[in-house]
Amino acid sequence: MASTLDHPRSDNAIFAAMEPHDCGSFANNTTPLIRNCWYAAARVGEINRKPLARTFLGVDVVLYRTEAGEPVAMRNRCPHRSFPLARGKLVGDRLVCGYHGMEFGADGACTHLPAMGHAPATASVRTFPIVDRGPLAWIWMGAPDLADEVLIPDTPWLSDPTWGTVSGDFHILCDYVAMHENLIDQTHFPFLHPDTVGTPDYARSTLTASTENGQVVIRRELRDAPPPGVYGKPANIMHKRVTRSSEARFASPALHTAYARVAVPDPDPGEPSLYRYNITHVFTPETNNSIHYWWFNSRDYRPEDPAIDRFMLEAHTQAYSEDVEALQWINAVVRTDGEEQFDLSFAPDKPGLMARRIMYRLAMSEQD
Ligand code: FES
Ligand SMILES: [Fe+2]
């Protein structure tokens with residue numbers, strides 16, 4: 001149900017601001033990880049003919065490509081004596097264990113056991129559906145019969161040559177629930193990111209939060225305001241007053257997207273009146289307390305401009321490093337401080353709690 005949150009507010013109880021049906025349990029770092037979801041496994045180029053070990057949702061996985069270029073994901077644990085298969089070698093499309101030489105095809109079936117001279121009929125390694133889509137390969141760690149490729153997130157701007165994109169990645173020691181809450185929470189911008197996306201005006205603008213098809217969406221608009229440096233400087237519009245609007249979306253347990261728009265009512269001759277930025281945050285729980293994180297910042301103007309690329313890469317690496325550092329500090333406190341605390345929540349925290357409630361329900365639905 002849509003609702004409006006005005007900033008700043010002094011409500012000291014989140015539940016007073018929420019509908020009765022909103023009161024429920026919220027995911028945290030102890031909630032079982034959601035398995036029935038497409039998660040990013042790696043950048044497409046990271047998966048090649050050299051086996052790559054990576055952990056997703058607490059399961060060790062080895063990634064490689066067949067000779068035809070198809071990605072393969074299988075459990076990184078030999079069924080014989082648990083040797084990590086990524087330490088073995090590829091022969092054609094078969095992965096050969098480095099301990100006693102068992103061979104496994106791309107479908108996980110054992111094709112040869114040297115000590116017996118043939119393949120035991122029942123020996124196999126679990127494989128996982130994995131699909132290249134845009135710059136990333138997406139993996140399904142849940143029930144195989146539910147792995148519908150239609151559900152892979154669609155981010156067409158990442159493959160569109162009319163958009164310029166800069167990108168980076170992090171390995172973060174925090175839980176993915178906290179990461180989602182961080183991304184849907186814009187009230188931290190002026191304090192954690194004062195030099196990039198945070199401007200005091202923006203923190204005071206009206207924000208709406210709603211759920212749409214299982215996604216949490218927040219929107220806000222600020223008129224007649226100075227542009228934030230991170231969007232105004234590359235567009236060369238810092239001398240203008242602009243309308244700044246944004247939409248941020250908890251899209252799935254694996255994806256958060258944000259769409260920032262900067263409209264210039266009086267553009268200089270020949271210059272655009274609208275600048276569009278799409279921000280794509282992709283992350284995969286490695287464990288309950290660590291995540292793989294890839295970010296992409298895309299713009300719809302001057303896609304090949306290396307100076308803009310440099311600026312965007314530097315500014316966003318700084319901003320996201322601030323988030324990563326904060327999340328890791330919080331995680332360290334939560335894990336080491338011996339005295340329990342029930343975190344207070346306030347009305348502006350509602351979008352994050354909405355996302356956490358969806359994640360909790362998804363996680364619990366898989367426990368039945
Ligand atoms: S541990 Fe892999 S073949 Fe023995
Ligand atoms: Fe942030």
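Why does the arrangement of the 4 donor atoms around the iron ion (ligand 2) count as irregular? The angles that these donors subtend run from 57 to 154°, and that spread makes the arrangement irregular. Welcome to a short tour of this structure, which is a predicted model. The tour begins at the metal, then visits a sheet, a helix, two kinds of empty space and a pair of backbone oddities.

**The iron site**
- Two histidines and one aspartate hold the iron ion (ligand 2): NE2 of His188, NE2 of His193 and two OD contacts from Asp323, at 2.1 to 2.5 Å.
- Read along the chain, the donors follow the spacing H-x4-H-x129-D.
- His188 sits in the loop between helix H1 (176-184) and helix H2 (189-192), while Asp323 belongs to helix H5 (residues 306-336), so this pair ties together parts that are 135 residues apart in sequence.
- His188 counts as buried because its relative accessibility is 13%, under the 20% cut-off.
- Asp323 has a relative accessibility of 7%, so it counts as buried too.
- For reference when you look at the angles, the ideal value for four tetrahedral donors is 109.5 degrees.

**An open sheet**
- Four strands form an open sheet in the order E3-E4-E5-E10, and the pairing is antiparallel.
- Strand E3 (52-56) and strand E10 (127-128) are at the edges with a single partner strand each, so one side of each has no neighbour in the sheet.
- Between strand E5 (residues 71-75) and E10, the antiparallel pairing runs over 2 bridges.
- Ala73 has Phe128 of E10 as its bridge partner.

**Helix H1**
- Most of H1 is covered, with 7 of its 9 residues buried.
- Those buried residues are Tyr176, Val177, Met179, His180, Asn182, Leu183 and Ile184.
- The N-terminal end of H1 is capped by Asp175, which places a side-chain oxygen 3.2 Å from the backbone nitrogen of Val177.

**The second largest pocket**
- This pocket holds about 410 Å³ of space.
- Its lining comprises 24 residues, and the closest to the pocket centre are Leu151, Gln215, Ala251, Ser252 and Pro253.
- Strand E16 (242-252), strand E17 (255-263) and helix H6 (350-365) are the elements that give two or more residues to the lining.
- E16 makes the biggest contribution to this lining, with 4 residues.

**Cavities**
- Searching the whole structure turns up 2 cavities of 30 Å³ or more.
- The second largest cavity encloses about 30 Å³.
- Its lining is made by Ala27, Thr31, Pro32, Ile34, Tyr176, Val177, Met359 and Ala363.
- At least two of the lining residues come from H1, and at least two come from H6.
- Tyr176 and Val177 therefore appear twice in this briefing: both are among the buried residues of H1, and both line the second largest cavity.**Backbone oddities**
- Ser82 is not a glycine, yet it has a positive phi of about 65°.
- Ser82 is found in the loop between E5 and strand E6 (89-91), and a relative accessible area of 36% makes Ser82 partly exposed.
- Asn236, also a residue other than glycine, has a positive phi near 60°.
- The loop between helix H4 (229-235) and E16 is where Asn236 lies, and at 60% relative accessible area Asn236 is exposed.

Definitions and conventions:
Residues are numbered from 1 along each chain as its sequence is written. Chains are lettered from A and ligands numbered from 1 in the order in which they are written. This is a predicted model: local features need pLDDT of at least 70, side-chain atom pairs count only at pLDDT 80 or more; totals for chains, interfaces and linings use all residues. Side-chain values use heavy atoms; hydrogens and water are left out. Donors are N, O and S atoms within 2.8 Å of the metal (3.2 Å for Na, K and Ca); water is not among the atoms, so sites may look incomplete. Four donors count as tetrahedral if all angles lie between 85 and 135 degrees; four count as square planar and six as octahedral if opposite donors are over 155 degrees apart and all others between 65 and 115; anything else is irregular. Buried means under 20% relative accessible area, exposed over 50%, partly exposed in between (1.4 Å probe, protein chains only). Two strands pair if DSSP finds at least two bridges between them. A polar contact is a pair of N or O atoms within 3.5 Å; within protein, one must be able to donate a hydrogen and the other to accept it, and residues adjacent in sequence count only if both atoms are side-chain atoms. On a 1 Å grid over the protein atoms alone, a cavity is a set of points where a 1.4 Å probe fits but cannot get out, and a pocket is an open set with protein on both sides within 12 Å along at least five of seven lines; lining residues have an atom within 4 Å of a point. Grid points are joined across faces, edges and corners, and a volume is the space filled by probe spheres set on the points.
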